[in-house]
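User: I should like to learn how to read salt bridges in a structural model. Could we work through an example together?

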Amino acid sequence: MRGECAKKESAVLKRLGPVPFWRGERKCLDALGEMYSRAMENAGRRLLTLEKRTRSSDGNR
């Protein structure tokens, strides 16, 4: 599932086309695609943590 989401998100990058003056050792699309994937994982973990905190604080009222 994770890889599938990353592919969908990197579709935006593909539509933008090549990045001018890119000098990285890896292709820009590959590097940014990996960053997108890690950012999505991090955001998912943070949302789950926030949801758990919200549920536990609602239960204490």
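Analyst: This is a predicted model. Let us begin with one pair: R38 forms a salt bridge with E34, and their closest N and O atoms are 3.2 Å apart.

User: Where do R38 and E34 lie relative to each other?

Analyst: Both belong to helix α2, 4 residues apart, which is about one turn of the helix.

User: How is a contact judged to be a salt bridge?

Analyst: The criterion is a side-chain nitrogen of Lys or Arg within 4 Å of a carboxyl oxygen of Asp or Glu. In this structure, 3 salt bridges are present.

User: Which other side chain meets E34 in a salt bridge?

Analyst: The side chain of R26 does, with an N to O distance of 3.0 Å. R26, E34 and R38 are thus linked in a network of salt bridges.

User: How should I read the exposure of these residues?

Analyst: Relative accessible area under 20% means buried and over 50% means exposed, with partly exposed in between. E34, at 35%, is partly exposed; R26, at 42%, is partly exposed; and R38, at 48%, is partly exposed.

User: What separates E51 and R55 in helix α2?

Analyst: They are 4 residues apart, so about one helical turn separates them. Their side chains meet in a salt bridge at 2.7 Å, N to O. E51 is partly exposed at 37%, whereas R55 is exposed at 61%.

User: What share of the protein is buried?

Analyst: Buried residues account for 11% of the 61 residues. The protein has 2 helices and 0 strands.

Key
Residues are numbered from 1 along each chain as its sequence is written. This is a predicted model: local features need pLDDT of at least 70, side-chain atom pairs count only at pLDDT 80 or more; totals for chains, interfaces and linings use all residues. Side-chain values use heavy atoms; hydrogens and water are left out. Buried means under 20% relative accessible area, exposed over 50%, partly exposed in between (1.4 Å probe, protein chains only).
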